[in-house]
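Student: Please take me through one part of this model in detail: the way its helices pack against one another. I should like a connected account, with the surrounding chain brought in where it helps.

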Amino acid sequence: MTAWWFVLPSFALLMIFVFYPMLQAFIISFQNYNLVGGTRSFVGLDNYRTLMTDQSFLASLRHSFYFAIIVIPIQTSISLGMALLIQKKVATTGLFRTIYFIPVVVSTAVAATVFKLIYNKEYGLLNNFLELLHLPTTNFLSNPDTAMNGVIMLGMWKAVGFFMIIFLAGLNNIPQDLYEAAKVDGASKIQQFFRITLPLLNRTTAFVVIITTIDAIKISGLVFVLTNGGPNGATETAVFYIYQMAFKQMQMGYGTAAAFILFAIVLVISLVQMRLFRNQDY
């Protein structure tokens, strides 16, 4: 009973501020609920059926998945590489750990504003660099073909430091005796990496990949500040679309239905990833 009394406050907070709002949102997803008039009417599965043929919603899902497909392998690889670089303790290790982690604590709004200036066609650092290489300049965020890539670069710059710390913790938990034994057996650094480091980082990698997938698919803050979904909806992600429907067009029922579809997609992907990594566990 004592343990239950200790658990009760946290459980009550979860019920009031998480599970009860989720239940209410699920009920609203079956309604035609307009925030302006506050009118509600039950429409059954109409919101879900309409979303399945809504080209704007489907396009936003494609943009979210494009972001995730590019970010997951590149960001994970960079994070692991940075962790390997700072694992060895030298005089400047603390300095580089701090430098690599700074983007994580920088505000999303500040980071997006700075990158918007970097991407500027007239005076941005990116185009100045292209001019030095005698390459054509471009209006990075105004071109539908390149705008999402600009968001991707900012997203990875913001997140790699956090996952670097996760990988560093995983690396520090690998017994050094294994590396010493491998050296005695004549294993090269590359062989040690693929035969010892990667297998023993399986659970850490699973955590990083799953969290990166969830974060990538629900990306919205960077899009909101950097491009506001433009140009021509080229960077409108699923969460940004849900925000537009629910709080700009005031179609709360329709927006909530889109949110639950996205929730189901993320849940299925996460379960599949967990099963795949469990099968590879050593």
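Tutor: A definition comes first: a crossing of two helices is called left-handed when the near helix is turned anticlockwise from the far one by less than a right angle, and right-handed when it is turned clockwise. The model in view is a predicted one. Its chain holds 13 helices and zero strands, and its C-alpha trace spans about 75 × 70 × 30 Å along the principal axes.

The account begins with helix α7, residues 147–172. With 26 residues, α7 reaches 38 Å from its first C-alpha to its last, which is close to the 38 Å expected at 1.5 Å a residue. Helix α7 nevertheless carries a kink of about 35°, centred on Ala 159.

Against α7 lies helix α5, residues 108–118; the two pack at an angle of about 135°, and their axes are 11 Å apart. Because of that angle, α5 is oblique to α7. In the sense defined above, the crossing of α5 and α7 is right-handed. On the α5 side the contact involves Thr 108, Ala 111, Ala 112 and Phe 115, which meet Leu 154, Trp 157 and Lys 158 of α7. Sorted by class, this contact of α5 with α7 has five nonpolar residues, one polar and one charged. The spacing of such contacts follows from helix geometry: an α-helix has 3.6 residues a turn, so residues three or four places apart point the same way.

A second right-handed crossing is that of α8 and α9. Helix α8 covers residues 176–184 and helix α9 residues 189–200; their axes are 10 Å apart and make an angle of about 150°. The two helices are therefore roughly antiparallel to each other, since angles over 145 degrees are counted in that way. The contact draws on Leu 178, Tyr 179, Ala 182 and Lys 183 from α8, and on Lys 189, Gln 192, Ile 196, Thr 197 and Leu 200 from α9. By class, five of the residues in this contact of α8 with α9 are nonpolar, two are polar and two are charged.

The pair α1 and α13 shows the opposite hand: α1 passes α13 in a left-handed crossing. The axes of α1 (residues 2–28) and α13 (residues 252–279) come within 8 Å and cross at roughly 115°. That angle is why α1 counts as roughly perpendicular to α13. Here Met 22, Ala 25, Phe 26 and Ile 28 of α1 meet Met 252, Gly 253, Thr 256 and Phe 260 of α13. This contact of α1 with α13 divides into six nonpolar and two polar residues, with no charged residue.

Helix α7 also enters a contact of another kind. His 63, which is found in helix α3 (residues 55–87), touches Met 148, Gly 233, Ala 234, Thr 235 and Glu 236, leaving aside residues up to four places away in sequence. His 63 and Gly 233 are 170 residues apart in sequence, yet their C-alpha atoms lie 9.4 Å apart in space.

Finally, two backbone features belong to the loop between α11 (221–226) and α12 (238–248), where Pro 231 is placed. A cis peptide bond joins Gly 230 and Pro 231, with omega about -5°. Asn 228 is also in the loop between α11 and α12, and has a positive phi of about 55° although it is not a glycine.

Key:
Residues are numbered from 1 along each chain as its sequence is written. This is a predicted model: local features need pLDDT of at least 70, side-chain atom pairs count only at pLDDT 80 or more; totals for chains, interfaces and linings use all residues. Side-chain values use heavy atoms; hydrogens and water are left out. Helices (H or I, at least four residues) and strands (E, at least two) are DSSP runs, numbered from the N terminus. The expected span of a helix is 1.5 Å times one less than its number of residues. The bend at a residue is the angle between axes fitted to the seven residues ending there and the seven starting there. Axes are lines fitted to C-alpha atoms, for helices over the stretch in contact, and angles run from 0 to 180 degrees between N-to-C directions. Angles under 35 degrees count as roughly parallel, over 145 as roughly antiparallel, 65 to 115 as roughly perpendicular and the rest as oblique. Contact means heavy atoms within 4.5 Å. Ala, Val, Leu, Ile, Met, Phe, Trp, Tyr, Cys and Pro count as nonpolar, Asp, Glu, Lys and Arg as charged, and the others, Gly among them, as polar.
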